[in-house]
Amino acid sequence: MQTQLKRLDVEAAKRDLDKRTLVPIGYDFARLVYLSSLRDFSTGEYHHDGLTHSFSESVASAALIAAHQEAFYNLALAPLDSVIGQIERFIRSSPKDYEKTLNAWETLEAYRVTVPSTCDQLTSALFRSNVKIAITLLKSRRSIQSEKPQPASLPPLLGQ
């Protein structure tokens with residue numbers, strides 16, 4: 001009975017987290033970054049004051065783990081064009097320079113910290129590969145857009 005009660009509590013905490021926090025964020029990549037920021041990188045434990053206030057520490061932590069895994073798997077298994085669009089949306093939402101941010105994400109590989117600690121290696125590798133591809137494509141699109149188009153010259157008309 002205690003296990004059943006705890007599972008129901010975790011589901012209630014997850015619904016609360018979804019409704020109040022995750023749904024307004026709007027898309028999985030931003031949710032993934034947000035949820036991973038709630039994890040202590042030294043211990044792997046998750047902390048969310050609001051959930052802990054409404055539920056117990058262990059229930060809040062379990063709900064955060066479940067939400068993090070859900071956002072990660074949604075994104076990791078999404079079509080590549082969706083991943084590219086979400087990463088572009090996330091980077092454009094920053095007030096920082098777009099090109100600089102892309103370069104930092106490529107160099108620092110900050111997306112690595114968004115992978116849940118319980119994720120299987122194959123899905124983690126797929127996710128990292130998709131993000132690398134997305135960043136490369138976004139950078140190449142940017143360089144193509146920044147090239148100045150050469151004005152087309154019209155061939156001379158007959159008699160001119």
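**Aromatic pairs, cores and salt bridges in a predicted model**

Good morning. A search of the whole structure finds six aromatic pairs. One of them joins Phe 29 and Trp 105: the ring centres are 5.7 Å apart and the planes stand at 50 degrees, so this pair is classed as tilted. It links distant parts of the chain, since Phe 29 belongs to helix α2, residues 28-37, while Trp 105 belongs to helix α6, residues 98-108, and 76 residues separate the two. Please keep in mind that what we are viewing is a predicted model.

Are these two partners buried or exposed? Phe 29 has a relative accessible area of 1% and is buried. Trp 105, at 12% relative accessibility, also counts as buried, because the cut-off for that class is under 20%. Both residues belong to one aromatic cluster, which is made up of Phe 29, Phe 90, Trp 105 and Tyr 111.

Elsewhere, an aromatic ring meets a charge. The charged end of Arg 92 sits over the ring of Tyr 98, at 4.2 Å from the ring centre.

Let me turn to the nonpolar interior. In soluble globular proteins, nonpolar side chains tend to be buried together. In this model, the largest nonpolar core has 24 residues, and those with the most contacts inside it are Phe 29, Phe 72, Ile 87 and Phe 127. Which elements give two or more residues to this core? They are α2, α4, α5 (80-92), α6 and α7 (121-146). A second, separate core has 14 residues, including Ala 13, Leu 22, Leu 35 and Ala 60.

Phe 29 therefore appears again, as a buried residue and as one of those with the most contacts in the largest core. Leaving aside residues up to four places away in sequence, Phe 29 touches Leu 75, Gln 86, Ile 87, Phe 90, Trp 105 and Phe 127.

Two of the helices that contribute to this core deserve a closer look. Helix α4 covers residues 57-76, and its 20 residues should span 28 Å at 1.5 Å a residue; the end C-alpha atoms are 28 Å apart, which agrees. The buried residues of α4 include Val 59, Ala 60, Ala 63, Leu 64, Ala 67, Ala 71, Phe 72 and Leu 75, and also Ser 61 and His 68. For readers following the spacing of those numbers, an α-helix has 3.6 residues a turn, so residues three or four places apart point the same way.

Helix α5 has 13 residues and reaches 18 Å from its first C-alpha to its last, close to the 18 Å expected. Its buried residues are Val 83, Ile 84, Gln 86, Ile 87, Glu 88, Phe 90 and Ile 91.

From α4 we can move across to helix α7 by way of Ser 124, which lies in α7. Ser 124 counts as buried, at 9% relative accessibility. How far apart are Ser 124 and Phe 72 in sequence and in space? They are 52 residues apart in sequence and 9.1 Å apart in space, C-alpha to C-alpha. Not counting residues up to four places away, Ser 124 touches Phe 72, Val 115 and Cys 119.

I come now to the charged side chains. The structure holds nine salt bridges, and I shall describe three of them.

In one, Lys 14 pairs with Glu 70, with the closest N and O atoms 2.7 Å apart. Lys 14 lies in helix α1, residues 2-25, and Glu 70 in helix α4, so the pair ties together parts that are 56 residues apart in sequence. Lys 14 is buried, with a relative accessible area of 9%, whereas Glu 70 is partly exposed at 41%. The pair also belongs to a network of salt bridges that links Lys 14, Asp 18 and Glu 70.

Another salt bridge lies within helix α2, where the side chains of Asp 28 and Arg 31 meet at 3.2 Å, N to O. These residues are three apart in the helix and are separated by about one helical turn. Asp 28 is buried at 16% relative accessibility, and Arg 31 is buried at 17%.

The remaining example joins Lys 132 to Glu 109, with 3.9 Å between the closest N and O atoms. Lys 132 lies in helix α7 and Glu 109 in the loop between α6 and α7, so parts 23 residues apart in sequence are tied together. Both partners are partly exposed: Lys 132 has a relative accessible area of 37%, and Glu 109 stands at 22%.

Thank you for your attention.

Conventions: Residues numbered from 1 in each chain as written. Predicted model: local features only at pLDDT ≥ 70, side-chain atom pairs only at ≥ 80, totals over all residues. Heavy atoms only, no water. Phe/Tyr/Trp six-rings, centres within 6.5 Å; stacked < 30°, edge-to-face > 60°. Helix = DSSP H or I, 4+ residues; strand = E, 2+ residues; numbered from the N terminus. Buried < 20%, exposed > 50% of the residue type's maximum accessible area, 1.4 Å probe, protein only. Lys NZ or Arg CZ within 6 Å of the ring centre and 35° of its normal. Expected span 1.5 Å × (residues − 1). Core = buried A, V, L, I, M, F, W, Y, C linked by side-chain atoms within 4.5 Å. Contact = heavy atoms within 4.5 Å. Salt bridge = Lys/Arg side-chain N within 4 Å of Asp/Glu carboxyl O.
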